[in-house]
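Biologist: I would like a close look at one part of this model, the place where two helices pack against each other. Please go through that part slowly and then connect it to the rest of the chain.

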Amino acid sequence: MAPLIALVAGTGLARLVGLAGFSALDGWHPALRVGLALMFVMTGMVHFVGPRRRDLIAMVPPRLPRPELLVTVTGVLELAGAVGLLVPATARWAAAGLALLLLAMFPANVSAARRRLTLAGRPVTPLGVRTALQLVFLAATVAVAVGP
């Protein structure tokens with residue numbers, strides 16, 4: 001749920017800054033880029049620190065090789081995508097790449113839910129809720145990729 005909060009709060013705050021006169025954030029599209037960037041920085045950092053990294057490694061479906069490497073690579077891609085979202089010239093490409101990354105990583109969420117794993121000591125998000133969240137995140141990335 002924290003990524004959704006980051007997306008919504010980041011977008012809302014960026015939009016308020018735009019309304020207050022910061023022209024670079026004057027509109028929902030640039031504000032959404034900021035919200036997404038905040039979300040992906042937050043989720044990307046988890047791939048590298050503390051016990052949550054171990055939980056993410058455990059979420060990788062067992063049939064995939066080198067789960068540690070996969071978690072590291074996806075974390076790097078999330079962080080790079082977040083930076084790319086903040087640069088107007090690369091934002092569309094970054095959003096498209098992040099949309100593809102979300103699709104590629106979704107099977108790990110399905111696997112984790114089916115195996116009833118935990119994340120930070122709590123059960124992973126149930127599959128129905130996780131699917132709905134994934135659709136929201138995917139819609140946001142696509143909106144940036146194809147938007148104005």
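Modeller: What follows starts with the whole chain, turns to the helix pair, and then moves outward from there.

The model is a predicted one. The chain has 6 helices and 2 strands, and from the N terminus on the order of the elements is α-α-α-α-α-β-β-α. Along the principal axes, the C-alpha atoms fill a box of roughly 50 × 25 × 25 Å. A compact globule of 148 residues would have a radius of gyration near 15 Å, and the value of 16 Å for this chain agrees with that. Of the 148 residues, 42% count as buried. Among contacts with a separation of 6 or more, 67% join residues that are 24 or more positions apart.

Now the part you asked about. Two packed helices are described by the angle between their axes and the distance between the axes. Here the pair is helix H5, residues 91–114, and helix H6, residues 127–146; their axes come within 8 Å and cross at roughly 170°. Angles over 145 degrees count as roughly antiparallel, and H5 is therefore roughly antiparallel to H6.

Which residues of H5 and H6 make the contact? On the H5 side they include Ala-91, Arg-92, Ala-95, Leu-102, Phe-106 and Ala-113. On the H6 side they include Leu-127, Arg-130, Phe-137, Leu-138, Val-144 and Val-146. Sorted by kind, the residues of the contact of H5 with H6 divide into 17 nonpolar, 4 polar and 2 charged.

One residue of this contact is worth following further. Val-144 is placed in helix H6 and is buried, with a relative accessible area of 0%. What does Val-144 contact, leaving aside its neighbours within four places in sequence? Its partners are His-29, Leu-32, Arg-33, Leu-36, Leu-85, Ala-91, Arg-92 and Ala-95. Ala-91, Arg-92 and Ala-95 belong to the H5 side of the helix contact. His-29, Leu-32, Arg-33 and Leu-36 contact Val-144 from helix H2, which spans 28–46. Leu-85 also contacts Val-144, and helix H4 spans 67–85. Separation along the chain is another matter: Val-144 and Arg-115 are 29 residues apart in sequence, and their C-alpha atoms are separated by 33 Å.

Next, the stretch that joins H5 to H6. Arg-116 is found in the loop between H5 and strand S1, residues 118–119. Ala-120 is found in the loop between S1 and strand S2, residues 122–123. Most residues other than glycine have a negative phi. Arg-116, although not a glycine, has a positive phi of about 55°, and the phi of Ala-120 is also positive, near 60°. Are these two residues buried or exposed? Arg-116 counts as exposed at 73% relative accessibility, while Ala-120 counts as partly exposed at 39%.

Pro-123 lies in strand S2 and is exposed, with a relative accessible area of 68%. Leaving aside neighbours within four places in sequence, Pro-123 is in contact with Leu-117 and Thr-118. Its C-alpha atom is separated by 13 Å from that of Ala-58, which is 65 residues away along the chain.

Ala-58 falls in helix H3, which covers 50–59. The buried residues of H3 are Arg-53, Asp-55, Leu-56, Ile-57 and Met-59. What covers them includes H2, H4, H5 and S1, and this brings H5 back into the picture. After H3 comes the loop that leads to H4, and Arg-63 is found there. Arg-63 is exposed, with a relative accessible area of 67%. From C-alpha to C-alpha, Arg-63 lies 20 Å from His-47, and the two are 16 residues apart in sequence.

One pairing remains, at the start of the chain. Side chains of opposite charge can pair when their charged atoms come close. The structure holds 1 salt bridge. Asp-26 forms it with Arg-15, and the closest N and O atoms are 3.5 Å apart. Asp-26 sits in the loop between helix H1 and helix H2, whereas Arg-15 is in H1, so the pair ties together parts that are 11 residues apart in sequence. Arg-15 is buried, with a relative accessible area of 13%.

Conventions:
Residues are numbered from 1 along each chain as its sequence is written. This is a predicted model: local features need pLDDT of at least 70, side-chain atom pairs count only at pLDDT 80 or more; totals for chains, interfaces and linings use all residues. Side-chain values use heavy atoms; hydrogens and water are left out. Axes are lines fitted to C-alpha atoms, for helices over the stretch in contact, and angles run from 0 to 180 degrees between N-to-C directions. Helices (H or I, at least four residues) and strands (E, at least two) are DSSP runs, numbered from the N terminus. Angles under 35 degrees count as roughly parallel, over 145 as roughly antiparallel, 65 to 115 as roughly perpendicular and the rest as oblique. Contact means heavy atoms within 4.5 Å. Ala, Val, Leu, Ile, Met, Phe, Trp, Tyr, Cys and Pro count as nonpolar, Asp, Glu, Lys and Arg as charged, and the others, Gly among them, as polar. A salt bridge is a side-chain nitrogen of Lys or Arg within 4 Å of a carboxyl oxygen of Asp or Glu. Buried means under 20% relative accessible area, exposed over 50%, partly exposed in between (1.4 Å probe, protein chains only). The radius of gyration is taken over C-alpha atoms; the globule rule is 2.2 Å times the number of residues to the power 0.38.
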